[in-house]
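The following note sets out points for a colleague's consideration. The sequence and the model are shown first, and the numbered remarks come after them.

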Amino acid sequence: LGKREFDVAFELIGRIEERRPGFYLIHLLRAACYSGKGEDDLALSELNIAIEKNPGAGMLYHGRAQLLINLENHDAALSDLTKAIELSSKNPALYAGRASLFATRKEWEKALADISYAITLEPESADYFFERASIYAELGDKHGIDDYTRALQIFPRYENAYIGLASMYAS
């Protein structure tokens, strides 16, 4: 987005705030705009305010975790993802996000546990099977073959799953 689009977005957010002062989603919208502009410190500040106003909204912790991952503050991101899961325990994307973070940290067993639970919650997600297969591949575990295959059954044009599957057969 360009400067003009961000200006319009901020103007619209201001109008919402006039009608609903103190509404926590205003801060989430501002955070998204600041993040889009690359102003991550301001985005983080807005997310902190949103969480202060509505500490029971798991999506706010998820949003802040994503920003913290971009800022490479993995410990704080892990804490926020865990809090988001406590608040929204049936959201598979939260488990998948935390699994990805565990994988980044090479905490493979924790990553496998989380992505497996995400699959339990959403068993038709090719992405989740792909992610688990990728973790198995990192571990040299041939169970990845089954998961790459399942990802391709769900989404036959999943190119990266073909690449992963070929790589596992080649190794």
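How large is the relative accessible area of Arg-150, and is Arg-150 buried, partly exposed or exposed? The model is a predicted one, and in it Arg-150 has a relative accessible area of 24%, which places it among the partly exposed residues.

1. Arg-150 and its partner. Arg-150 forms a salt bridge with Glu-124, and the closest N and O atoms of the two are 2.9 Å apart. Arg-150 belongs to helix 9 (residues 143-154), whereas Glu-124 sits in the loop between helix 7 and helix 8, so the pair ties together parts that are 26 residues apart in sequence. Glu-124 has a relative accessibility of 53% and counts as exposed, because the limit for that class is over 50%.

2. Other salt bridges. The whole structure contains 12 salt bridges. One of them joins Asp-80 to Arg-64, with the closest N and O atoms 2.5 Å apart. This pair links distant parts of the chain, as Asp-80 is in helix 5 and Arg-64 in helix 4, 16 residues apart. Asp-80 and Arg-64 are both buried. A further salt bridge connects Glu-39 with Lys-37, where the closest N and O atoms are 3.6 Å apart. Glu-39 is partly exposed at a relative accessible area of 29%, and Lys-37, at 37%, is also counted as partly exposed.

3. A salt-bridge network. Asp-75, Arg-105, Glu-107 and Lys-110 are joined into one network by salt bridges that share partners. Side chains of opposite charge can pair when their charged atoms come close.

4. Overall architecture. The protein has 10 helices and 0 strands, and its pattern along the sequence reads α-α-α-α-α-α-α-α-α-α. The C-alpha trace spans about 60 × 35 × 25 Å along the principal axes. Of the contacts with a separation of 6 or more, 40% are between residues 24 or more positions apart.

5. Geometry and ends of helix 6. Helix 6 covers residues 92-104, which makes 13 residues; at 1.5 Å a residue they should span 18 Å, and the end C-alpha atoms are indeed 18 Å apart, in agreement with that expectation. At the N-terminal end, Asn-91 acts as the cap, with a side-chain oxygen 3.0 Å from the backbone nitrogen of Ala-93. After helix 6 comes Lys-106, whose phi is positive, near 60°.

6. Burial of helix 6. Which residues of helix 6 are buried? They are Pro-92, Leu-94, Tyr-95, Ala-96, Arg-98, Ala-99, Leu-101, Phe-102 and Ala-103. The elements covering these buried residues include helix 4 (58-70), helix 5 (74-87), helix 7 (108-121) and helix 8 (126-139). An α-helix has 3.6 residues a turn, so residues three or four places apart point the same way.

7. Nonpolar core. The largest nonpolar core comprises 47 residues, and those with the most contacts inside it are Ile-115, Ile-135, Tyr-148, Ala-151, Tyr-158 and Ala-161. Leaving aside residues up to four places away in sequence, Tyr-158 touches Ala-126, Asp-127, Phe-130, Ala-151 and Leu-152.

8. Burial and surface. Of the 171 residues in the protein, 39% are buried. The accessible surface comes to about 9,600 Å², and carbon and sulfur atoms hold 52% of it.

Key
Residues numbered from 1 in each chain as written. Predicted model: local features only at pLDDT ≥ 70, side-chain atom pairs only at ≥ 80, totals over all residues. Heavy atoms only, no water. Helix = DSSP H or I, 4+ residues; strand = E, 2+ residues; numbered from the N terminus. Expected span 1.5 Å × (residues − 1). Buried < 20%, exposed > 50% of the residue type's maximum accessible area, 1.4 Å probe, protein only. Contact = heavy atoms within 4.5 Å. Polar contact = N/O pair within 3.5 Å; in protein donor to acceptor, adjacent residues only side chain to side chain. Core = buried A, V, L, I, M, F, W, Y, C linked by side-chain atoms within 4.5 Å. Areas by Shrake-Rupley, 256 points an atom, 1.4 Å probe, with all protein chains shown as cover. Salt bridge = Lys/Arg side-chain N within 4 Å of Asp/Glu carboxyl O.
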